[in-house]
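Hi,

Here is the structure I promised to pass on. Have a look at it first, and my notes come right after.

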Amino acid sequence: MQNRRLPSGGGIDRGRPLAFRFNGKEYTGLSGDTLASALLANNVRLTARSFKYHRPRGIVGSGPEEPATLVELEGRRASANQAATTVRLADGMSARSVNCWPSPGLDMGAVNQLFAGLIPAGFYYKTFKWPSWHLYEPMIRKAAGLAGAPEAPPLDGHFEAVHAHADVLVVGAGPAGLMAALVAGRAGCRVFLADERAEAGGSLLDRRLEIAGKPALDWVADSVAELKSMPNVTHLLQDASVWAYREHNCLMVNERSPANSNVLERNWRVRAGQVILATGAFERGLVFPENDRPGVMLASAAQAYVNRFAVMPGERAVFFANNDSAYGVVADFRASGIEVAAIVDSRDVVPDFARKLAGDVPIRAGSVVIGVRGKRAVRGVTVAERGGHGTEKIYCDLLLHSGGWNPTVHLFSQSRGNLRYDESLATFVPDEAAQACVSVGGAAGKLSLASALRTGAEAAAKATGTEMPNLPAVVEESYSIAPLWQVDARGAKGKAFLDIQNDVTVDDVHLALLEGYDNVEHVKRYTTGGMGFDQGKTGNINIIGAIALQKGVPLQDVGTTTFRPPYTPVSFGAIGGIREENVVLPYRHTPVTRWNLDRGAFMYEAGARWRRPGYFPRDGETFQETVNRECRAVREGVGVYDGSPLGKFELKGRDVGRFLDHIYTNLMSTLKAGQCRYGLMLTEDGLILDDGVAMRLGEHRWLVSTSTAHADTVHGHMEELLQTQFPEWNVYVTPVTSQWNNATVCGPKARELMAALGTDIDLSPKGLPFMSFADGHVAGLPARVVRVSFTGELSFELNVAPRHMRDLWERIMEAGEPFGIEPVGSEASHVLRVEKGFLSLGHEVDGTVDAHDLGMSWIMSKKKRDYVGKRSVELRRRGNAIRRELVGLLPVDPNDQIPEGAPLTPGGERCPTEGLVTACVWSVVLDRWVALALLENGLSRHSETVHARLKNATIAADVMEPVFHDPEGLRMRS
Amino acid sequence: MMLIPCPFCGHRNESEFTYGGPVKPDRPDPNATSDEDWVEYLTTVPNPFGPVQERWWHARGCGTWLTIWRDTRTHDIVEGPSDAE
């Protein structure tokens, strides 16, 4: 029953009722309602419990400033911690209050109110510190009770992130914003307009004003129609909050209800030439005892409910104000036939125009509200003169208060603009801008309609270099205020809240000051005042006022806390956009990926977004049997793997030789065309950057290969050196990773397989020796055959163009069948390289290891005077610190597997480690577990026994050289 | 997100670039430098409260390594130390 709906008026659609649930009960609202207005229409007054004391709370505001009523949306559009005032009502919506269990009416946490005196500001910091806050944190977080995150991602759509550019970005579609957009649009600029409400109009939606002799909303409709007709006005977004103002005029806009129903929310990153901030102003409350009771509401919010939603927020209202704006609300109440019992004005003198608006409503000037009766709903107020004399009780069910207006300076402040305290408005207004932005209308403290239209037009005219247009005629309003930072009349007892969301009272701020937290930022953190979902939109200035009053300094000297993004809460989905899973960061694949998947390969991520087959399981096999089968094929017959993801760069130019000498530790320039050489790259601080093979294709043409994961890093490294240190060197780097694919056939039968494939290249050991290459044909396809080996077996790396890769692969598998060929995954490759003691970046190489530790001193050229990292390695080794050196380990029990990463300690005792196991595999050649390890002074400790220390056991292992198979390397050279 | 001027592509979003760090002094000849000076070169990075010269790689663009002056207080990209506020 919408028994509080006014019979006429409002911007709601009375022909479209919407059913919704709130805390388990069924209600009906109307299209155009917010959840808050629908609840008020149904006379639901108790809508929430507070965060700390679990005090009963109602609806306080009408927009994003709402501090009290947070709800959790349930069902398909599940979302946590939404202000009921910004949730657009939808059919079938289900919501429940946060902070209370089982319901706001019967809340178990309400017991906290009994101990309220025991939990002042800083209570948690002082109490829950022994032995550690972390012991108490989970329980307290649960008791605090804000909604949890939804358990699953939304089902019926996705999020999107989009970039846009604008000459002029106008934030807010109230009178100032619309006027600015019109002027900028007419000047032909690209205009982007974003407004946080469901419809354009801003404060005009909530008030009964006229523009050019007609209802103001007619002017709004005409303006929107004109903007829509201009092609250069590229975006007119409603229900879209500008939530961040970043560097170089980049602003974030969260569009919550895009036209495309598949898009849940859209996040815009707008780069604007000029920003016009027409973000309006928020009303702040007054600070008096029990100012948080359900039925105590901001005057402007009540005005919105009456005019916009045709909802009567109460039947008999009392107003409490220190400024003129509340009198306009009184007039609207009277026009709607809602009883106003009295106006309590803290000022001694009330302007005549305000008295006219009040009509016959009694005005108690120079008076304040010193108490509110009723716990779950307002039943009356106690009024007294400012000093405390002459108390009077007035019956009412609604108390509407106004403590003045705060320009919405959040975005201006985020842009690093300065704020200044304005005495006449008793609030902070924008001062000097730091970026190309200007505040207009309420956001600049220009609170009247006339000044909003004027400043909006002026800003746009200036930005576009056009003439000031004629402005539509409106009635001039005046505004005055006498600040009242808190009611301290004698007899005023009870909690006076500064921040309703975080339950911060005047006493809490006084306590913080008393305990030495006298900077406004410290007060905020100690009391939590101004934190949370509303970020203190109604309370912050009152907190500053309370500090100023207590310290006896001007508000300007207290200053504001820093405004940070987001201006209003933004869902993580909107920030992430469509960058979920593989959409924007897709996996890279080779022409053989499909074949691998068809073959049943278990795919691994191999770095740099490559996916490679880990192993090719067969029915009935264990994982180990699969890997063993693939390894045996390579050791005993022939195997093949797809080496395409390895990074490849072609280097051309006269100076490539000396450039490679500079970036590799060993000498490259002496290489002859047709030959390859394994090389190691260091960073300037002497750590291992990458390893790979360089091939000389011709006098001035080389091909450098890198590990899969480090291709981009090496590319950046080479370009940085060439562009910043050696700009005069003649070297051109071209990434060709995707231009060359390769299939590597390896194993003792590899040469027989090559013969079966058919080739015009002489592959005899003399014709194509180890570490050389030749161009020709293989299986009828143009190919470069390279003799390198990562497995320790005879290998031919067949490099072909990607368009030939799949063909080549299938011909290899076909020709290899008689030899029992197996495709080899990265698991088997790992076993094969461990058996040979070949290093793997990320296993044996971390941020401490150098080439000498790996037994590779031979690769650190002594002939070269200089190369990247040389000096640093020498410097570090001169310290004679104990080094961890690469060794092989044979577990004493051949069936003992040592977990990778296991620490080695002397005797397996509980004491500092002397190394760690970097890899441990089942060797198919030795038929036992073998491991590689980094061990202190390992090079000189061969044949010692060391111990891996596990949680519940130790494993003894014998130290040996880090090679378990063919130590002379005869097989790969064969 | 900053707007970074690339000498070839014009002003582009920061997300197209990879940060290359503040510009260090020229690499000294490692064979004619004391240990102290070498360590100083390696490990001491300019970190002023104000304009700093730094390198960015237009990795997701033209590939240029470029040098700009950025004011660390404001993210303003300035001509040089004298151009800052």
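Below is what turned up, starting with how to read the numbering.

This is a predicted model, so local features need pLDDT of at least 70 and side-chain atom pairs count only at pLDDT 80 or more, while totals for chains, interfaces and linings use all residues. Residues are numbered from 1 along each chain as its sequence is written, and chains are lettered from A and ligands numbered from 1 in the order in which they are written.

First, the cores. The largest nonpolar core (buried Ala, Val, Leu, Ile, Met, Phe, Trp, Tyr and Cys residues joined through C-beta atoms within 7 Å; buried means 20 or more other C-beta atoms within 10 Å, with C-beta atoms placed from the backbone) has 167 residues. A:Val168, A:Ala180, A:Leu193, A:Ile276, A:Leu277, A:Phe319 and A:Leu399 have the most contacts inside it. Helix α4 (residues 175–186) of chain A gives this core its largest share, eight residues; helices here are DSSP runs of H or I of at least four residues, strands are E runs of at least two, and both are numbered from the N terminus. A second, separate core holds 102 residues, including A:Val785, A:Phe819, A:Val824 and A:Leu935.

Next, a strand of chain A. In β7 (residues 93–97), A:Met93, A:Ala95 and A:Ser97 make up the covered face, and A:Ser94 and A:Arg96 the uncovered one. That fits the general pattern: side chains in a regular strand alternate between the two faces of the sheet. β7(A) pairs (at least two DSSP bridges) with β1 (residues 13–22) in the parallel sense over three bridges, and A:Phe20 stands opposite A:Met93. With β5 (residues 70–74) the pairing is antiparallel over four bridges, and there A:Glu72 stands opposite A:Arg96.

What about the contact between the chains? Chain B puts in 18 residues and chain A 22, where contact means C-beta atoms, placed from the backbone, within 7 Å. On the side of chain B that touches chain A, β3 (18–22), α1 (35–43) and β4 (51–57) each give two or more residues. The largest share there, three residues, is from α1(B).

Finally, one loop residue: A:Thr670 is in the loop between α18 (656–663) and β35 (676–682) of chain A. Why is A:Thr670 exposed? Because A:Thr670 has 12 C-beta neighbours inside 10 Å, and 12 or fewer counts as exposed.

Cheers

Notes: Two residues are in contact if their C-beta atoms, placed from the backbone, lie within 7 Å.
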